[in-house]
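These entries record what I looked up in the structure, in the order in which I took up each topic.

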Amino acid sequence: MLCSEKAVSPDTAFSLSPEAGLTIGQTSHFFSRLPAYVSATVRSSFYFIIAYLALAPALQAGDEVLAHVAAIRALSPARAAENLPVRLEATVTHFDQKREVFFVSESGDGLFIEMAAVAQLEPPPEPGDRVVIEGTTAPGDFLPIVKLARLTRQGHGPPLSPLWRDAEELMRPDLDAQWIAVRALVKRTLLEGESLVLEVEIQGWRFKVFMAEQERFITPPWHLVEKYVRLKCVAATVFNEQRQMCGRMFYTPSLAFLQDESDNNPSTSAPLLRPDALLQSGSSLRQAVRVRGAVTHLITGQGLYIRGEGGGLFVQTSQPLALVMGDVVEAMGYPVFTPFRPALSAVEVHKIDHGPPAKPLPLDPKVKATSREHHELITLQAELLDVAPQGSLISLQCSAEGHAFESLLASAPAEPLERGMRLALTGICQLRSTNIMEHSKLAHGFQLTLRSPADIVILSRAPWWTTARALWVLATMAIIALLIGGWAISLRREVAVQTHVIRHHSERQAALEERSRIARELHDTLEQDLIGVTMLLDDTAAKIPNQASQATKSLTIARNLLRRSREESRSTIRDLRSVTLEQRGLPAALTELLDPLASAAGMSFTSTITGEPRRLNRAIESNLLRIAHEAVANAARHSKASAIALKLDYTPEHVCLEVCDQGVGFKADAALPNDGHFGLRGMTERVEKIGATLSIVSTLEHGTTVRVIAPCHAANGEPPLVASAIPTPAP
């Protein structure tokens, strides 16, 4: 065992262990018999040796390997978490490889061994095996445990003698992992896979006993039901995360550790009772009785429902039975308490006859169910509310006459079930209550256990117009309404934009029509008058005999002024009638206006557009159009060229217009605006209006090039007033 580290008092400092066989008193007596000449130094040295021998085990205890179960169980969780070394010899009490459950015992103390971290032990240890456990301590979840690192078998002996315990002692927390013996009454036998689980009663307390996985069963040992047995087992603890005990269960290696001690001997002399006569006044729980009835439902391994003269009854049994609905059986056993109606824990069930299947009793949902309907085969009509899995079962949530209840089915229905279906259901009725007192008068409802898919009959399909579909339709209509509303808002905005465009277009069209009207009136009145005046002046000049007279010069100036006025009026009329410029832009207007003009003079016309064409300020486009018209008109009248080329180049900052011909050219300094050439003067004035630059390059016999560079930024504002018009002579 692990020795505690504590101070040694002077009274015990010089006492040897019992194995030494020498005490302080004996030592003093020994020295009293020594000769007087023994020195005090020798005496002190001897006492020092004795003290060292007494203190050595305590000084070495901190490094001691734990070798006793009692010492391990006494560790605190914090101390056990330090992975202290363990090497102990013990006897196996229970081993279950599949569940990873391993218990050993040493000197009457039990211990749990954790073996999850090691390989499967082959062959598996058996109860009674003497083994050496090597490993380290761990805090465990309830008491300290040992993590197995190595197991060495030392032989096999008889199983340990268990400690006898009664029901009150079973609930002591310190009984955990102990090898004990109890007297129990077997109430049920269940199979967990191929492993056996017993439900036993010990002086009124119910516990579960788990058999080791090595002990495999095809059918549970139903013959043990309602028998008293002497059970040898390991007491295990049900605990929580706070290391608190919440219950007790047991592990036993095999059926060999159950000894039949039953003193009851039920026989066919047991009284035959109606199901509704069980546990009436004067009855005994340990008095065997017999009941008869027709089978209404069979649950293999758990029991069966029967209908006798006194109503329905549940018979608990794990006995393998080959029964069908309608078989008449007789069951012998002992009454047991179950909610709302007693049941029978059967010792034996056998078939005595066969008849037609029992007809289900109609259940009125408007009338509250009582204990008479509990465990009875009933039928009713209901509406299906929902279908959902519930573990291995299928749960049908139903409603009948406004009362909701649940139906459970063990297998899939014959055809898919949908919410809203009208069903006829047949099954075993079981009352349900949320009240702490499980009294039939306090039952809040019932549950139906369906025996097979045939217990479901579809009376009517679910209507198409269900609540879910109504919600979907409403949601769809809401979405459509939102979309229509959004579309209406978008359409309203689009209509407003289009209305603005149409209004603007109408205003522009009206303005264009007004401009065309004014142009027509100017053409029909002013220009005709100017033509008439010009003709009169020409006729007058022809009649003057002396062409060098002052009158002839004045007439010449007047004729030039009239010609200038006619050109200006024509330019104004063209400006008013330039619909193409308004509707299609500058490149199309240039082609439409200049191509006929060049063709009329017998010249070919080509136009080249570079860059990205875009709309400019109206004043810029109109003046560029008139400048190009003037340049082409001048070339048509004076250049004698055979072709005219126009180039229009758009850049992010400027637009460049060029008109080139390969005609006779002229002297640039003879064509300045002040010399009476009103065409060049008009171009200069227009350039000044839009803040552009004008350059004219002309060479005799090599043609003329007119270039205008206008700023694009002038499209959104007033053009600057600074401009230049410089005829540039050729080198």
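**Entry 1. The barrel that begins with β1**

I first traced a closed barrel of five strands, in the order β1-β2-β3-β5-β4, with mixed pairing. On average, neighbouring strands of this sheet are turned by 45 degrees against each other, direction ignored. I note here that the model is a predicted one.

I then looked at one pair of strands within this barrel. Strand β3 covers residues 109-114 and pairs with β2 in the antiparallel sense over four bridges. Opposite F103 I found F112 of β3. As background, I recall that strands of a sheet pair through backbone hydrogen bonds, either parallel or antiparallel.

**Entry 2. F102**

I next turned to F102, which has its place in strand β2, residues 101-106. Is F102 buried or exposed? I record F102 as buried, because its relative accessible area is 0%, and the cut-off for buried is under 20%.

I listed what surrounds this side chain. Leaving aside residues up to four places away in sequence, F102 touches V92, H94, F95, L111, F112, I113, M115, P125, I133, L148 and L151. For one of these, M115, I noted the separation from F102: 13 residues in sequence and 7.5 Å in space, C-alpha to C-alpha.

**Entry 3. The barrel that begins with β13**

I traced another closed barrel of five strands, which runs β13-β14-β15-β17-β16 with mixed pairing. Direction ignored, its neighbouring strands are turned by 45 degrees against each other on average.

Which strands does β13 pair with? Strand β13 (residues 289-299) runs antiparallel to strand β14 (residues 303-308), and five bridges join them. Between β13 and strand β16 (residues 327-336), also antiparallel, I found six bridges. For the β14 side I noted V295, whose bridge partner is I306. For the β16 side I noted R292, whose bridge partner is E330.

I also examined the connection from β13 to β14. The two strands form a hairpin with three residues between them, and G301 in the turn has a positive phi of about 85 degrees. As for cover, eight of the eleven residues of β13 are buried, and I therefore enter the strand as mostly covered.

**Entry 4. Positive phi outside glycine**

Most residues other than glycine have a negative phi. I accordingly looked up two residues other than glycine that have a positive value.

L279 has a phi near 55 degrees. Its place is in the loop between β12 (258-260) and β13, the strand discussed in the previous entry. I class L279 as partly exposed because its relative accessible area is 23%.

E701 has a phi near 65 degrees. I found E701 in the loop between β28 (693-699) and β29 (703-711). With a relative accessible area of 60%, E701 is exposed, since the cut-off for exposed is over 50%.

**Entry 5. F605**

F605 lies in strand β25, residues 604-610. Why does F605 count as buried? I found a relative accessibility of 13% for F605, so this residue counts as buried.

Its contacts, not counting residues up to four places away in sequence, are with L590, T591, L594, D595, A598, I644 and L646. I checked L594 in particular: F605 and L594 are eleven residues apart in sequence, and their C-alpha atoms are 7.7 Å apart in space.

**Entry 6. A nonpolar patch**

I then looked at the surface. Which residues make the nonpolar patch of about 490 Å²? I identified I480, I484, W487, L491 and V495.

I took V495 as an example and placed it in helix α6, residues 467-543. V495 counts as partly exposed because its relative accessibility is 44%. This value also meets the condition for a patch residue, since that calls for over 30% relative accessible area.

**Entry 7. Totals**

I closed with values for the protein as a whole. I counted eleven helices and 30 strands. Of the 731 residues, 41% count as buried. The exposed surface of the protein is about 40,100 Å², of which carbon and sulfur atoms supply 57%. Among contacts between residues at least 6 apart in sequence, 63% join residues at least 24 apart.

Key: Residues are numbered from 1 along each chain as its sequence is written. This is a predicted model: local features need pLDDT of at least 70, side-chain atom pairs count only at pLDDT 80 or more; totals for chains, interfaces and linings use all residues. Side-chain values use heavy atoms; hydrogens and water are left out. Patches are made of residues with over 30% relative accessible area and no salt bridge: like charges are joined within 9 Å, nonpolar side chains (Val, Leu, Ile, Met, Phe, Trp, Tyr) within 5 Å. Accessible areas come from the Shrake-Rupley method with a 1.4 Å probe; for residues, only the protein chains shown count as cover. A salt bridge is a side-chain nitrogen of Lys or Arg within 4 Å of a carboxyl oxygen of Asp or Glu. Buried means under 20% relative accessible area, exposed over 50%, partly exposed in between (1.4 Å probe, protein chains only). Contact means heavy atoms within 4.5 Å. Two strands pair if DSSP finds at least two bridges between them. Axes are lines fitted to C-alpha atoms, for helices over the stretch in contact, and angles run from 0 to 180 degrees between N-to-C directions.
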